[in-house]
Amino acid sequence: MDEERVRELSLPLDQKPFRVRTEEGWASFLAGEHELRTLMDRESVSEQLVERCSELLAPAFSAPAFELGRNGEKYELILVPEGDRTRLFQLAYFQRRAPKELLDRWNILVGRTRSRSFGLRMFGQEVTLKDVQVWAEKQEANGLGLQLYCGKLRGQPGEERSYILYTLLDQALGELAAMRYVNQCAILDAPAPGDSIPLDQLAGYVAAEIDPEGWSRCDDPEVACQRYTAYEGRPSQEEDWALRRDVYVGVSCCVPLLSGYLQGDDYYMDRLHQDGIVPGFFYYPLDGVPQKEILDLRDQLEGAILGRTGEGVVTFTGGATGTAFGYLDFIAWDLEPLLDAAVEVFAGAPVAWASFHTLRFDAWGIGLKQEAEA
C-alpha cells in the first residue's frame, strides 16, 4: 500500500460520516415510504419492491440488507445483520434514529424475529423446526454450545445443509438472540449421544435455563450490542513490539473488529468505511498511573469524551490494559467531532501523551496530545 493511501486510511475524514448518512437515509425513506406501502399492498411486485427500498436506503447504506413485511396494521422494515456483529452495531444506531412520524405506520426492527411455524422447502421436501434435533450445553456468561442434526438432510451437501440449519436456528431463537447466546454451533452427520430437544423448543429452554431474567429483551439490539467478552493476552517480549501486543487483559463487545486488527484483516474495516464509519482506539502511556486507577482512568476518559460529543457521535466498545499503554476502543459515527473532543479531554488528562489509531493494523497513529519536552 502506498504512503498516500496509508495516510488517508489512518485519518479517514474524506468520507461522509455515517451520522450524516443516517439523517439522509431516513429523510429519503420518509419521502418514499408511501410507494413501498402501495407496492406491498399489491401482489407479485417483490422485485420492484426490493429495488425501490434499496434506493430509499442507499443514502445511508452502500449495501443495505433488509426484509419487508406486514404485521397487523403496521408495515415492517427488518434490518438484517446477517450474523455480522459489526453490522449489528450499525443497524442498531440507524434504528434508534428512525423519524417519529414514521412509527405510526411502520415497525423498524433489527434482526429476523422468532417463528414457531417456519419451514423451508428444499430438495423436494419441507424441513421444519420440529425436524431438527438439538443438543444444548450451557456455557459461561449465558452462552450456548449447540449441536444440530436433521435426518431429512442426511446425504445433502454440507454447505447446503449448514445454510438450512443456520436459517432454521435464526427462526427458532430470533436472529439477535442467536447472535447473543450461541457461542458455538456444530452441524452433525449423525445424532449425538445423550438427550436432545426439537429445535422449536430451544427458545423455551434458553428462557428457562440459560437467561430467565434477560430473555424478555433478547430481541433488543441495544442489549445484544452490550454483550461484553473478556480476554487475556500474552505481552510480547520482543524489543520492537507492534501496537497492542503489550495487552494482558481487556474487554470488548465487538470482538470481530479486534480480531481483524490483530490478524491484519481489513474486511470489516473496508465494509464500514464505505458507509463513513470508523472503528478505532485511543492509546496513552500508563507511566505514573497506579495499577488500581487504570480502569478508573479509562472510564473517566470515556465519560468526559461522551460529555463533549453528545449523543450520536461515538459508541465505546471496551478497552484493554497493556504493560505500557492503556487502550480505549470505539466505533466513530462521525470521526471529526470525536477527535476534537478527545483532544480537549486528553489535554487535561494525567497522561504524558495520547494518540488515535484506526483498527487497521498497517495504519499510522495520529497524535492528539504531545509529550512536553523537558
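## Helix α11, the seven-stranded sheet and cysteine 53

Helix α11, which spans residues 294-309, lies across the strands β11, β12, β13 and β14, and its direction makes an angle of about 160 degrees with that of β13. The structure described here is a predicted model.

The strands that helix α11 lies across belong to an open sheet. This sheet is formed by seven strands, arranged in the order β10-β11-β13-β14-β12-β15-β16, with antiparallel pairing. Its edges are β10 and β16, each of which pairs on one side only, and the twist from one strand to the next averages 20 degrees. The residue ranges of some of these strands, including the two at the edges, are set out below.

| Strand | Residues |
|---|---|
| β10 | residues 229-232 |
| β11 | residues 247-252 |
| β12 | residues 278-285 |
| β13 | residues 314-322 |
| β14 | residues 325-332 |
| β16 | residues 366-369 |

At the β10 edge, the antiparallel pairing between β10 and β11 extends over four bridges, and glutamate 232 has valine 249 in β11 as its bridge partner.

Elsewhere in the chain, cysteine 53 is placed in helix α3, which covers residues 46-57. Because its relative accessibility is 0%, cysteine 53 counts as buried, the cut-off for that class being under 20%. When residues up to four places away in sequence are left out, cysteine 53 touches Phe29, Leu36, Phe66, Leu68 and Leu77. Leucine 169, by comparison, lies 116 residues from cysteine 53 along the chain, and the C-alpha atoms of the two residues are separated by 27 Å.

Terms used: Residues are numbered from 1 along each chain as its sequence is written. This is a predicted model: local features need pLDDT of at least 70, side-chain atom pairs count only at pLDDT 80 or more; totals for chains, interfaces and linings use all residues. Side-chain values use heavy atoms; hydrogens and water are left out. Buried means under 20% relative accessible area, exposed over 50%, partly exposed in between (1.4 Å probe, protein chains only). Contact means heavy atoms within 4.5 Å. Two strands pair if DSSP finds at least two bridges between them. Axes are lines fitted to C-alpha atoms, for helices over the stretch in contact, and angles run from 0 to 180 degrees between N-to-C directions.
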